[in-house]
Amino acid sequence: MKKIHIYILLFAPLFVFAGCNGPTFAEPQRPNVQSESIIATEYNTPITVANQNLFVEIVATDETRAQGLSGREPLTEKQGMLFDFTNTTIKRPSFWMKDMKFDIDIIWIADNKIIGITPNVPAPTPNETLPSYPPPSDITHVLEVIAGWSERNKVKVGDIVKL
C-alpha cells in the first residue's frame, strides 16, 4: 500500500503540469463579427410594396428617425428605410433632406396602405434652404426609396404594403 502512495506522490505533479502547456494547435483567425453584423443588419427586414419585395432598415426611435438616411451612401433598387411612427403621437411628420447624398421617393403609408407618394425629392445643394415635405394626411409609416423607384415599379396610391 505504501508503494502505491509513493507512486501517486511522485507522478501526481507530472499529471498536474502536463495540461499547463496550452494548446498545441494555432487557433484560426476569427472575422471581425461586429463590423460584419452592422453591415448585414442595416437593410435586413423584408417588406412587400405593391408586389415588389424590398429589404428595409426600420427606424422607430426619435434619434434614428431624425438621422434617417442622412450621410449614407445611395440605396439600391432593393433597399429602403421604413420610418415607424406607431409608437408615437406624431401623425403628420414633415421630412427634409438634411445631409442627404442622393435623391429619394417618399412613400406615405397609413395602416399598410399607400396614401401618398412624393417622388424624386432632390438631395440639397450647398447653402440651399431646406424645404420640408409633409404627408397628405395622418400616417403610420414612411418609406424612403431611391428616386424613381415608385414610377419604375408602378407603385401608386392605394397599393398595399405588407410589413
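Is Asp-99 buried, exposed or partly exposed? In this predicted model, Asp-99 is partly exposed, with a relative accessible area of 48%. The legends below begin with the overall fold and then turn to individual sites, Asp-99 among them.

**Figure 1. Overall fold of the predicted model.** The protein chain contains four helices and seven strands. Along the sequence, these elements follow the pattern α-α-β-β-α-β-β-β-β-α-β. The chain has 163 residues, of which 34% count as buried. Among contacts in the protein chain with a separation of 6 or more, 70% are made by residues 24 or more positions apart.

**Figure 2. The open sheet of seven strands.** The strands are arranged in the order β5-β4-β6-β3-β2-β1-β7, and their pairing is mixed. At the edges stand β5 (113–121) and β7 (161–162). Each of these two has a single partner strand, so one side of each is left without a neighbour in the sheet. Strands of a sheet pair through backbone hydrogen bonds, in either a parallel or an antiparallel sense.

**Figure 3. Strand β4 and its pairing with β6.** Strand β4 (residues 104–110) runs antiparallel to strand β6 (residues 141–146), and six bridges join the two. Within this pairing, Ile-106 has Glu-144 of β6 as its bridge partner, while Ile-107 stands opposite Leu-143 in β6. In a regular strand, side chains alternate between the two faces of the sheet. In β4 both faces are covered. Ile-104, Ile-106, Trp-108 and Ala-110 are buried on one side, and Asp-105, Ile-107 and Ile-109 are buried on the other. Seven of the seven residues of β4 are thus buried, so the strand is largely enclosed by the rest of the structure.

**Figure 4. The hairpin of β4 and β5.** Strands β4 and β5 pair in the antiparallel sense over six bridges. Ala-110 has Lys-113 in β5 as its bridge partner. The hairpin has two residues between the strands, and Asp-111 takes a positive phi near 50°. Beyond the hairpin, β5 (113–121) stands at an edge of the sheet with a single partner strand, so one of its sides has no neighbour there.

**Figure 5. Surroundings of Ser-70 in the loop between α3 (62–67) and β3 (79–84).** Ser-70 has a relative accessible area of 16% and is therefore buried, the cut-off being under 20%. A polar atom of the Ser-70 side chain lies 2.6 Å from the backbone oxygen of Lys-98. When neighbours within four places in sequence are left aside, Ser-70 is in contact with Lys-98, Asp-99 and Met-100.

**Figure 6. The salt bridge of Asp-99 and Lys-98.** The side chains of Asp-99 and Lys-98 meet in a salt bridge, with an N to O distance of 3.1 Å. Lys-98 is partly exposed, with a relative accessible area of 38%, and Asp-99 is likewise partly exposed, at 48%. Both residues are also in contact with Ser-70.

**Figure 7. The salt bridge of Arg-72 and Glu-57.** A search of the whole structure finds seven salt bridges. In one of them, the closest N and O atoms of Arg-72 and Glu-57 are 2.7 Å apart. The pair links distant parts of the chain, with Arg-72 in the loop between α3 and β3 and Glu-57 in strand β2 (residues 52–59), 15 residues apart. Glu-57 has a relative accessible area of 16% and is buried.

**Figure 8. The salt bridge of Lys-101 and Glu-73.** The closest N and O atoms of Lys-101 and Glu-73 are 3.0 Å apart. This pair also links distant parts of the chain: Lys-101 belongs to the loop between β3 and β4, and Glu-73 to the loop between α3 and β3, with their positions 28 residues apart in sequence. Lys-101 counts as partly exposed at 47% relative accessibility, whereas Glu-73 is exposed, with a relative accessible area of 55%.

**Figure 9. The largest pocket.** The volume of the largest pocket is about 290 Å³. It is lined by 17 residues, and those closest to its centre are Arg-65, Ala-66, Phe-83, Phe-95 and Trp-96. Helix α3 gives the most to the lining, with four residues.

Definitions and conventions
Residues are numbered from 1 along each chain as its sequence is written. This is a predicted model: local features need pLDDT of at least 70, side-chain atom pairs count only at pLDDT 80 or more; totals for chains, interfaces and linings use all residues. Side-chain values use heavy atoms; hydrogens and water are left out. Buried means under 20% relative accessible area, exposed over 50%, partly exposed in between (1.4 Å probe, protein chains only). A polar contact is a pair of N or O atoms within 3.5 Å; within protein, one must be able to donate a hydrogen and the other to accept it, and residues adjacent in sequence count only if both atoms are side-chain atoms. Contact means heavy atoms within 4.5 Å. Two strands pair if DSSP finds at least two bridges between them. A salt bridge is a side-chain nitrogen of Lys or Arg within 4 Å of a carboxyl oxygen of Asp or Glu. On a 1 Å grid over the protein atoms alone, a cavity is a set of points where a 1.4 Å probe fits but cannot get out, and a pocket is an open set with protein on both sides within 12 Å along at least five of seven lines; lining residues have an atom within 4 Å of a point. Grid points are joined across faces, edges and corners, and a volume is the space filled by probe spheres set on the points.
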